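Student: Please take a close look at a single part of this structure, the metal site and its surroundings, and describe it in a connected way.

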Amino acid sequence: MPITKSKEIRLKGINASPGICIGKAYLIGSEGVDVVETYYIGDKDLQKEIKRFKTAVKGAKDELRAISENVPEDLRKYSDIIETHMVLLKDKMLYDKTIDTIKNEHVNAEWALRKVATDVKSMFKSIPDGYLKERAYDIEQVSDRIMHNLMGSDRKNLKEISKRVILVAHDLSPADTSQIEIDRIMGFVTDRGGRASHTSIIARALEIPAVLGLETATSSIKNDDLLIIDGTTGIVIINPEEQTLVEFEERRIRYAEYKIAFIKNSQLRAETKDGVHVKVMGNIELPEEVSSVIDLGGDGIGLYRTEFQYLNRPSFPSEDQLFTKYREVVEIMAPKPVTIRTLDINGDKAIANSSSDEENPALGLRAIRYCLSRPDVFKPQLRAILRASAFGNVRILFPLISSYHEIVETRKMLKEAAHSLDSDGLAYNKNMEVGVMIEVPSAVTIADLLANEADFFSIGTNDLIQYSFAVDRGNKQVAYLYRALDPAIIRMIKHVSDVCKKKNIKVFMCGEMAGDPINTPILLGLGIDELSMSPQSMPAVKSMIRSLEVKETRSFISEVMEKVTASDILELLKSRYSNILPEQASLWK
Ligand code: PEP
Ligand code: MG
């Protein structure tokens, strides 16, 4: 009897963690929490309702504690994230406001919680910075957990999974992911989440293919559906046809072989054929990511984004808390360099119980502007970084410098922080290198002036492209303009690099442009001294460097400079270099 096969369905999401896997779907839904009824609570029952809410929070906390105590050894380093969720349970914005809403509006706890959580989430989502935006998911996960306790709905225990499956969920909380038995999970697929979400960070750290932000995954996929996950391109195929299966099985094998070959060679120096050692460094958000940098052959940390430690907490971290985290990373990496970037945050949104009224935060009191306006926040971080410098090779990096005055003011504060350490008798490296991020066009045009105040520059192409083209980093409608290879960007990089050579300071790159090997010949040709990227991208870039000759890339630049569009430059690169990494070349668009 002929078997009628359902037609395959393809979904496109965010390519959060590379690799291909093929397997059966295992859905872990948040069933039961989406329908929330509202009902009136009379005066005499208000305290009882509040108590019911507090019991649900306590239940959620006990669950998280139990999970945290039973985290398997290989995931223990992520228990910090669970701690963060435990703190969030009692966060003023969520906890106190829910109680106030029950009291003031005489509504049931479920309704009050849903209302408050929605407000807090939309506040985070309105922040243009992608990283902060995604903190909305933490609020959602925490409130979902309390909601489950209020409504008595069971959450499936991930530990019960006994076969190798692909997890499909609306979202996966750090508590969920920490329960995962790594040899049982082949991949992650979620409706929510983005590249900077915890799920994504953990998937990359565990090297599990993941496609996130699909929006309709849980409604389109059923338990036991056969799935193909291509975490490299962000594609999920539901119930693939025979031919697709064969095609992706071949790709899966090719990718696995390619990865083995890369990883095998990842510890080799990234030395060009003509003997120039180009340092390839890792970008990290969490201290836990240091192990990936080491395992994948990083020459150091080129960008340590420090925002994470300021999020999801009722108050700012103390100098000692910051110092302990920085020291941990610095000591592990020593003698290799760790470039700690000071807080790059929008307005005062780092403080959990405040909100900003800036209309256009991307052009507002962000990053260094915010820090200069808040010495009470900035100085403890400067002191913590300086103190960590006594334990290894630390460089400090200042984000979003847009005028000469700013770097002068910043250096003044750094000096004051150093003097205060002298007075306290605390050690630090008096010769710590000071870097300026070049990520706004004004910084490019005054690069010669800024170079007088810096030991190195680090080009942040993510923002440089955004601010140069007036294109929001996260807006899909104008994404066609967001192109690193546009002559406008290439010319800026060339200008900055030429200035650095003249002024005899080093020039690095830590934006996403540095992590795509197709760009490597241009970056080498332009004289970028160090490339810093997500650790997973390092092996491919190192391999590309080893196949190039600096001399040849320099002469290649004169051809590049004649081209007039990003597509022309890409075509030129592909015609010249795609044979070096054929597996990657299929992704170059
Ligand atoms: C950049 O802007 O290129 C950069 C590296 O910083 P972030 O992505 O953190 O803004
Ligand atoms: Mg930036």
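Tutor: The following account concerns the metal site and the helix that contributes to it. The model is predicted, so local features are restricted to pLDDT of at least 70 and side-chain atom pairs to pLDDT 80 or more, whereas totals for chains, interfaces and linings use all residues. Residues are numbered from 1 along each chain as its sequence is written, chains are lettered from A and ligands numbered from 1 in the order in which they are written, and side-chain values use heavy atoms, without hydrogens and water.

The magnesium ion (ligand 2) is coordinated by Glu439 (OE) and Asp463 (OD), at 2.0 to 2.2 Å. Donors here are N, O and S atoms within 2.8 Å of the metal (3.2 Å for Na, K and Ca); water is not among the atoms, so sites may look incomplete. Glu439 lies in the loop between β13 (433-438) and α16 (441-445), and Asp463 in helix α18 (residues 461-469), 24 residues apart. Helices (H or I, at least four residues) and strands (E, at least two) are DSSP runs, numbered from the N terminus.

Glu439 is buried, with a relative accessible area of 2%, and Asp463 is also buried, at 3%. Buried means under 20% relative accessible area, exposed over 50% and partly exposed in between (1.4 Å probe, protein chains only). Seven of the nine residues of α18 are buried, so this helix is largely enclosed by the rest of the structure. Among these buried residues are Asn462, Asp463 and Leu464. Their cover includes β10 (301-305), β13, α16, β14 (456-459), α19 (487-503) and β15 (506-509), where contact means heavy atoms within 4.5 Å. Just after α18, Ala470 takes a positive phi of about 55 degrees.
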